[in-house]
Amino acid sequence: GSSLRAVQRKSYAESDSDDFMDEEDRAVARALAKQKAEEEDGDVIEIVMDHKLIDNDRHYLIKWKGTSHLHNTWVVESEVRQLKGYKRLQNYIKKQDQYERWMRTLHPEDREQENVEREAKKALQEAYTRVDRIVAEREDESGLIEYFVLWENLPYADATWEAQKDIGGYQKKIDQYIERE
């Protein structure tokens with residue numbers, strides 16, 4: 001009776017670090033659930049990150065829904081016209097055209113300042129492909145190890161499952177994860 005209940009009762013006199021871990025565990029669980037839902041979506045444009053001209057064709061850097069920034073790809077508009085999220089590309093193009101018109105109206109010094117800020121934003125976005133921490137692991141259908149990765153400068157909600165081969169350059173982070181487990 002009562003002695004069994006006493007054994008099962010949870011102690012709420014835990015240290016602050018345990019409270020922090022509980023919140024982190026909840027954040028990881030939410031991110032895992034979001035990732036699972038997105039994996040079932042297929043190719044969907046989430047964000048248009050950048051663009052560049054190659055041989056007079058505008059190429060767009062696409063962040064795909066349910067994947068990390070490691071898997072962003074350069075595409076031309078005609079390649080993605082039929083995909084979900086195409087409206088995001090159209091909106092990006094419209095905004096970009098407005099931005100370029102606005103830039104032409106600026107004083108050269110202001111234009112230079114705007115370019116500096118744009119480069120700083122690109123540098124920040126490059127961090128999105130760097131592993132911050134690994135918080136879980138699993139085997140994929142073929143038995144290969146995947147890690148649930150938190151990315152630099154991104155929230156838990158943007159964590160993704162990555163094949164070991166895709167993050168092989170981060171062996172130290174993998175080792176740190178294994179030591180924590």
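**Note on the sheet and helix 4**

1. In this predicted model, Leu61 has Trp74 of strand 3 as its bridge partner. Strand 2 (57-64) and strand 3 are paired in the antiparallel sense, with four bridges between them.

2. The sheet to which these strands belong is open and consists of three strands in the order 1-2-3, with antiparallel pairing. Its edges are formed by strand 1 and strand 3 (73-76); each has a single partner strand, so one side of each has no neighbour in the sheet. From one strand to the next, the twist averages 35°. As general background, strands of a sheet pair through backbone hydrogen bonds, in either a parallel or an antiparallel arrangement.

3. Helix 4 comprises 20 residues (86-105), for which a rise of 1.5 Å a residue predicts a span of 28 Å; the end C-alpha atoms lie 30 Å apart, which agrees with that expectation.

4. Which residues of helix 4 are buried? They are Tyr86, Leu89, Tyr92, Ile93, Gln96, Tyr99 and Met103. These residues cover an arc of only 130° around the axis, and they therefore lie on the same side of helix 4. Lys87, Lys95 and Thr105, on the other side of the helix, are exposed.

5. The elements covering the buried residues of helix 4 include strand 1 (45-54), strand 2, helix 3 (77-80) and helix 5 (108-126). With respect to the sheet, helix 4 lies across strand 1 and strand 2, and runs at about 50° to strand 1.

How values were computed: Residues are numbered from 1 along each chain as its sequence is written. This is a predicted model: local features need pLDDT of at least 70, side-chain atom pairs count only at pLDDT 80 or more; totals for chains, interfaces and linings use all residues. Side-chain values use heavy atoms; hydrogens and water are left out. Helices (H or I, at least four residues) and strands (E, at least two) are DSSP runs, numbered from the N terminus. The expected span of a helix is 1.5 Å times one less than its number of residues. Buried means under 20% relative accessible area, exposed over 50%, partly exposed in between (1.4 Å probe, protein chains only). The arc is that of the directions from the helix axis to the C-beta atoms. Contact means heavy atoms within 4.5 Å. Two strands pair if DSSP finds at least two bridges between them. Axes are lines fitted to C-alpha atoms, for helices over the stretch in contact, and angles run from 0 to 180 degrees between N-to-C directions.
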